[in-house]
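Colleague: I am new to reading protein models, and I would like a close look at a single part of this one. Please choose one spot and lead me outward from there.

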Amino acid sequence: TASPASKEQEGKEGEGEGEGKAEASCRQILEEDVCPICQEELMGKPLPLTYCRFGCGKSIHIKCMKIWAEHQKATGETVIKCPLCREDFGPFEDLCKQMHTAHKLRPKQQQPCSKHPGVTCRRCHASPITGECYRCTQCSGYTLCKTCFVSEESHRANHKFESKQRSSQPWRVVSP
């Protein structure tokens with residue numbers, strides 16, 4: 001009689017890239033979870049994720065997993081293995097599709113914020129201002145970050161402001 005380990009191995013031999021295997025569900029991401037490849041916190045940056053579909057169910061940055069998968073393919077591996085549990089991660093083609101889809105659907109709030117070099121917020125003194133930048137059209141050099149602009153009602157009530165998201169964009173009038 002074969003041992004459970006050898007039976008498990010026999011069952012895996014004819015299965016390539018997820019064929020005939022039950023798909024695992026994605027595990028919940030915890031605050032302390034890191035990408036096993038780049039070691040960055042998964043909750044830290046809003047980067048697109050994928051997960052081990054036929055093994056542990058843990059999440060990994062799609063970009064990191066694609067690099068891992070390309071390395072495995074370059075070394076002659078035919079099945080992409082999870083860097084954590086070493087089980088079949090899923091087809092390389094699926095990973096490429098996920099990466100392409102994630103890039104197209106990446107929300108604007110996940111895009112890196114633009115910095116405004118040499119511009120300081122007059123209220124909180126943040127320098128450079130990151131993200132939306134506001135300037136008073138009547139007071140020379142009076143600039144605010146978005147947080148301070150929203151809370152600075154007295155100045156806004158009497159003066160007009162312009163804003164821009166990126167330093168390379170033209171200023172646009174802010175409606176009252």
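**A close look at Glu-132**

Modeller: Happy to! Let's start with Glu-132, which counts as buried because its relative accessibility is 10%, and buried means under 20% relative accessible area, with exposed being over 50% and partly exposed in between (1.4 Å probe, protein chains only). These areas come from the Shrake-Rupley method with a 1.4 Å probe, and for residues only the protein chains shown count as cover.

Before we go on, please keep in mind that this is a predicted model, in which local features need pLDDT of at least 70, side-chain atom pairs count only at pLDDT 80 or more, and totals for chains, interfaces and linings use all residues. Residues are numbered from 1 along each chain as its sequence is written, and side-chain values use heavy atoms, leaving out hydrogens and water.

Where along the chain does Glu-132 sit? It belongs to the loop that links β4 (129-130) with β5 (133-136). Those labels number the DSSP runs from the N terminus: helices are H or I runs of at least four residues, and strands are E runs of at least two.

Next, its surroundings. If we skip the neighbours within four places in sequence, the residues in contact with Glu-132 (heavy atoms within 4.5 Å) are His-116, Leu-144, Cys-145, Lys-146, Ser-163, Lys-164, Gln-165 and Arg-172. Which of these does its side chain meet through polar contacts? One is the side chain of Ser-163, at 2.9 Å, and another is the side chain of Arg-172, at 3.0 Å. A polar contact here is a pair of N or O atoms within 3.5 Å; within protein, one must be able to donate a hydrogen and the other to accept it, and residues adjacent in sequence count only if both atoms are side-chain atoms. The chain also brings Arg-166 to this spot: it lies 34 residues from Glu-132 along the sequence, yet their C-alpha atoms are separated by 7.1 Å.

Those two polar partners take us to the sheet. Ser-163 has Arg-172 of β8 as its bridge partner. Strands β7 and β8 pair in the antiparallel sense over two bridges, and two strands pair if DSSP finds at least two bridges between them. As a general point, strands of a sheet pair through backbone hydrogen bonds, either parallel or antiparallel.

How are the four strands of this open sheet ordered? The order is β6-β5-β7-β8, with antiparallel pairing. The edges are β6 (143-145) and β8 (172-173); each has a single partner strand, so one side of each lacks a neighbour in the sheet. Further in, β5 and β7 pair over four antiparallel bridges, with Arg-135 standing opposite Glu-162 in β7. On its other side, β5 pairs with β6 in the antiparallel sense over three bridges, and Tyr-134 faces Leu-144 there.

Strand β7 (residues 161-164) deserves a moment too. From it, Phe-161 and Ser-163 point one way while Glu-162 and Lys-164 point the other, and all are buried.

Now for the nonpolar side of the picture. A nonpolar core is a set of buried Ala, Val, Leu, Ile, Met, Phe, Trp, Tyr and Cys residues joined through side-chain atoms within 4.5 Å. In the largest one, which has 13 residues, Ile-60, Met-65, Ile-80 and Phe-89 touch the most other members. Two or more of its residues come from each of α2 (62-74) and α3 (92-105), and α2 gives the largest share, with three. Apart from that core lies another of twelve residues, including Cys-121, Ile-129, Leu-144 and Phe-161. Leu-144 may ring a bell, as it is also in contact with Glu-132.

Back towards the N terminus from our loop, between β3 (115-116) and β4, you will find Pro-128. A cis peptide bond joins Ser-127 to Pro-128, with omega about -5°. The loop between β3 and β4 also holds His-125, a residue other than glycine whose phi is positive, near 65°. His-125 is exposed, given its relative accessible area of 58%.

Finally, let's step back to the whole chain. It has five helices and eight strands, and buried residues make up 30% of its 176 residues. Among contacts with a separation of 6 or more, 46% join residues 24 or more positions apart.
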